[in-house]
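User: Hey, could you walk me through this one? I'm still new to reading structures.

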Amino acid sequence: MSEVRKHMIFHGRVQGVGFRYIAKYLARSMNLTGWVKNEYDGTVVMEVQGRETLIFELMKGLNRNQFIQIDWIDTEEMEPELESSFEVKY
């Protein structure tokens with residue numbers, strides 16, 4: 001199954017609620033790669049790469065957290081990159 005890469009911007013209550021660390025934990029547990037970081041405008045940006053079904057599972061996991069409230073996500077498909085882990089960027 002081929003890999004996809006998505007650039008996502010999350011809007012809502014996504015900062016100060018553990019979003020980046022939950023994303024990192026879930027992504028690593030599913031062998032997804034990429035990164036996540038907070039932006040100054042209150043959004044969280046993430047690039048995630050792997051099988052589409054696993055990325056969907058990552059999104060479900062983020063939505064299950066009681067403190068995170070995702071109002072909407074801007075998503076853009078990208079070309080896959082060569083990388084080996086999922087990191088939190090500062």
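Analyst: Sure, we'll start with the sheet and then move on to the helices and some individual residues. One thing up front: this is a predicted model.

User: Okay, in what order do the strands of the sheet sit?

Analyst: The order is 4-1-3-2-5, in an open sheet of 5 strands. The pairing is mixed.

User: What does pairing even mean here?

Analyst: Strands of a sheet pair through backbone hydrogen bonds, and they can do that either parallel or antiparallel.

User: Got it. Which strands stand at the edges?

Analyst: Those are strand 4, residues 69-78, and strand 5, residues 86-88. Each has a single partner strand, so one side of each is left without a neighbour in the sheet. From one strand to the next, the twist averages 15°.

User: How do strand 2 and strand 3 run?

Analyst: They run antiparallel, with 6 bridges joining strand 2 (residues 33-38) to strand 3 (residues 44-50). You can follow the partners across: T33 stands opposite Q49, G34 faces V48, and W35 has E47 as its bridge partner.

User: And what links those two strands?

Analyst: They form a hairpin, with 5 residues between them. Look for G42 in the turn, which has a positive phi of about 95°.

User: What about strand 1 and strand 3, how many bridges there?

Analyst: 7 bridges, in the antiparallel sense. One spot to look at is R5, which stands opposite Q49 in strand 3.

User: Where's the parallel part, then?

Analyst: Strand 2 and strand 5 pair in the parallel sense, over 3 bridges. V36 has V88 in strand 5 as its bridge partner.

User: Back to strand 3. How many of its residues are buried?

Analyst: 7 of its 7 residues are buried, so you can call strand 3 mostly covered going by the under-20% cut-off for relative accessible area. V44, M46, V48 and G50 point one way, while V45, E47 and Q49 point the other way.

User: Switching topic: which strands does helix 1 lie across?

Analyst: Helix 1, residues 19-29, lies across strand 1 (4-13), strand 2, strand 3, strand 4 and strand 5. Relative to strand 5, helix 1 runs at about 170°.

User: And helix 2? Which strands does that one lie across?

Analyst: Helix 2 covers residues 52-64 and lies across strand 1, strand 3 and strand 4. Its angle to strand 3 is about 145°.

User: Let's zoom in on K6. Is it buried or exposed?

Analyst: K6 counts as buried because its relative accessibility is 8%. You'll find K6 in strand 1.

User: What are its side-chain partners?

Analyst: The side chains of K6 and E52 are joined by a polar contact of 2.8 Å. Another polar contact, of 2.5 Å, joins the side chains of K6 and E77. Leaving out residues up to four places away in sequence, K6 also touches others, including M46, V48, I55 and T75.

User: There's a histidine in strand 1 too, H11. Buried or exposed?

Analyst: H11 is buried, because its relative accessible area is 15%. The H11 side chain makes a polar contact with the side chain of D74, at 2.9 Å. Among the residues H11 touches, not counting those up to four places away in sequence, are T43, Q69, I70 and W72.

User: Now L82: where is it found?

Analyst: L82 is in the loop between strand 4 and strand 5. L82 counts as exposed because its relative accessibility is 88%. The C-alpha atoms of L82 and Q49 are separated by 9.7 Å, and the two residues are 33 apart along the chain.

User: Last one, about rings. What lies over the face of W35?

Analyst: That's K89, at 4.2 Å from the ring centre. As for rings pairing with each other, the structure holds 1 aromatic pair.

User: Cool, thanks!

Definitions and conventions:
Residues are numbered from 1 along each chain as its sequence is written. This is a predicted model: local features need pLDDT of at least 70, side-chain atom pairs count only at pLDDT 80 or more; totals for chains, interfaces and linings use all residues. Side-chain values use heavy atoms; hydrogens and water are left out. Two strands pair if DSSP finds at least two bridges between them. Helices (H or I, at least four residues) and strands (E, at least two) are DSSP runs, numbered from the N terminus. Axes are lines fitted to C-alpha atoms, for helices over the stretch in contact, and angles run from 0 to 180 degrees between N-to-C directions. Contact means heavy atoms within 4.5 Å. Rings of Phe, Tyr and Trp (its six-membered ring) pair if their centres lie within 6.5 Å; planes under 30 degrees apart count as stacked, over 60 as edge-to-face and the rest as tilted. A charge sits over a ring if NZ of Lys or CZ of Arg is within 6 Å of the ring centre and within 35 degrees of the ring normal. Buried means under 20% relative accessible area, exposed over 50%, partly exposed in between (1.4 Å probe, protein chains only). A polar contact is a pair of N or O atoms within 3.5 Å; within protein, one must be able to donate a hydrogen and the other to accept it, and residues adjacent in sequence count only if both atoms are side-chain atoms.
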